[in-house]
Amino acid sequence: MNIPRHIAIILDGNGRWAQSHGMPRTYGHIRGCANLETVVDEALDLGVKYLTVYAFSTENWKRSKDEVEALMKLFRSYLKKCIRVAVHNQIRIRVIGETTAFSKEIQQNIAELEEVSKDYDRMVFQIALNYGGRDELTRAMRQMAREAAAGTLSPEEIDETKISGYLDTGGIPDPDLLIRTSGEKRISNFLLWQLAYTELYFTDVPWPEFDREQLICAIEHYNNRDRRFGGVKKKDE
Ligand code: IPE
Ligand code: IPE
Ligand code: MG
């Protein structure tokens, strides 16, 4: 089995999964978070080099105050726990998104996590928090405009590689495979630039039930695809 170098996941369906079990949506997030730990282990075991997960979008602030608070509480404890996981497994962790919107404590947890893990290379695990593809592009364009106005960036220098470097994912290869759980077939503002040629896999399985077997199914589906770029068969790196 050819393992995709970079897998991105929109982990969706926590709320519906909980409700279908007669539980509050926030219970679904707790189970979803526990499942993320398992899936990180499985991805590592399968030899995935880059894993990027969508955990909180720029639009998710619109949810009820109670749900947003429960998610923040979960992020605080998860990010702390992640430090041990990163060290134990030699995983580099990066958080992508507009993180200044979070509390000082969460921002500190993120800074610590990124610093502690920055030299590990068994896998790069990116967590998208307060992430939106349009927001990321807007921030990148603002930065480029600032540099152009200051005279340190010329319009002629701007090409696709240059733009990629200004994104939160700068230096990370684009995803080969995108998985979205729980039935919805949309991108919901995730990695708009980076997904240009990514293979898409949608499954009805809700995120709290997405396990190793499901991950292998997604990878097998990817293996059965005839990857093409502009009508030309892509050679795997
Ligand atoms: C995904 O599950 C987790 C987050 C977006 C934080 P949802 O909370 O979107 O669950 P559903 O889609 O409502 O079931
Ligand atoms: C996408 O899921 C965002 C995350 C998984 C963090 P949503 O449940 O928020 O997206 P929509 O509302 O179904 O598009
Ligand atoms: Mg959802």
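This briefing looks at how some helices pack together and at what surrounds two ligands. The model is predicted. Helix 2 is a good place to start, as it packs against helix 3 and also against helix 7. Helix 3, in turn, has a contact with helix 4. After the helices, we turn to the surroundings of ligand 1 and ligand 2.

**Helix 2 with helix 3**

- Helix 2 covers residues 25-46 and helix 3 covers residues 65-89; their axes come within 10 Å and cross at roughly 20°.
- Because angles under 35 degrees count as roughly parallel, helix 2 is roughly parallel to helix 3.
- Seen as a crossing, the pair formed by helix 2 and helix 3 is right-handed.
- On the helix 2 side, the contact is made by R25, T26, H29, I30, C33, L36, E37, D41 and L44.
- On the helix 3 side, the partners are E67, A70, L71, L74, Y78, K81 and N89.
- Sorted by character, the residues of this contact between helix 2 and helix 3 comprise 8 nonpolar, 3 polar and 5 charged.

**Helix 3 with helix 4**

- Helix 4 spans residues 104-117, and its axis comes within 10 Å of that of helix 3, with a crossing of roughly 15°.
- Helix 3 and helix 4 are therefore roughly parallel to each other.
- The crossing of helix 3 and helix 4 is left-handed.
- Helix 3 brings M72, F75, R76, L79, K80, C82, I83, A86 and V87 to this contact.
- Helix 4 answers with E105, I106, N109, I110, E112, L113, V116 and S117.
- The contact of helix 3 with helix 4 holds 11 nonpolar, 2 polar and 4 charged residues.

**Helix 2 with helix 7**

- Helix 7 runs over residues 212-223 and packs with helix 2 at an angle of about 50°, the two axes being 10 Å apart.
- Helix 2 and helix 7 are therefore oblique to each other.
- The crossing in which helix 2 passes helix 7 is right-handed.
- Here E42, A43, D45 and L46 of helix 2 meet R212, L215, I216 and I219 of helix 7.
- This contact of helix 2 with helix 7 divides into 5 nonpolar and 3 charged residues, with no polar ones.

**Around ligand 1**

- Ligand 1 is surrounded by L11, D12, G13, N14, G15, R16, R25, H29, A55, N60, R63 and E67.
- Some of these names have come up before: R25 and H29 of helix 2, along with E67 of helix 3, also take part in the contact between those helices.
- A polar backbone atom of G13 is 3.3 Å from an oxygen atom of ligand 1.
- For R16, a polar backbone atom is 2.7 Å from an oxygen atom of ligand 1.
- R63 uses its side chain instead, with a polar atom there 2.6 Å from an oxygen atom of ligand 1.

**Around ligand 2**

- The residues around ligand 2 include I10, L11, D12, Y54, A55, F56 and S57.
- Also around ligand 2 are N60, R63, R180, R186 and S188.
- D12 places a polar side-chain atom 3.1 Å from an oxygen atom of ligand 2.
- An N or O atom in the side chain of N60 is 2.9 Å from an oxygen atom of ligand 2.
- The side chain of S188 has a polar atom 2.6 Å from an oxygen atom of ligand 2.

Technical notes. Residues numbered from 1 in each chain as written. Chains lettered and ligands numbered in written order. Predicted model: local features only at pLDDT ≥ 70, side-chain atom pairs only at ≥ 80, totals over all residues. Heavy atoms only, no water. Axes fitted to C-alpha atoms, helices over the stretch in contact; angles between N-to-C directions. Helix = DSSP H or I, 4+ residues; strand = E, 2+ residues; numbered from the N terminus. Parallel < 35°, antiparallel > 145°, perpendicular 65-115°, else oblique. Left-handed = near helix turned anticlockwise from the far one by under 90°. Contact = heavy atoms within 4.5 Å. Nonpolar A, V, L, I, M, F, W, Y, C, P; charged D, E, K, R; others polar. Near = heavy atom within 4 Å. Polar contact = N/O pair within 3.5 Å; in protein donor to acceptor, adjacent residues only side chain to side chain.
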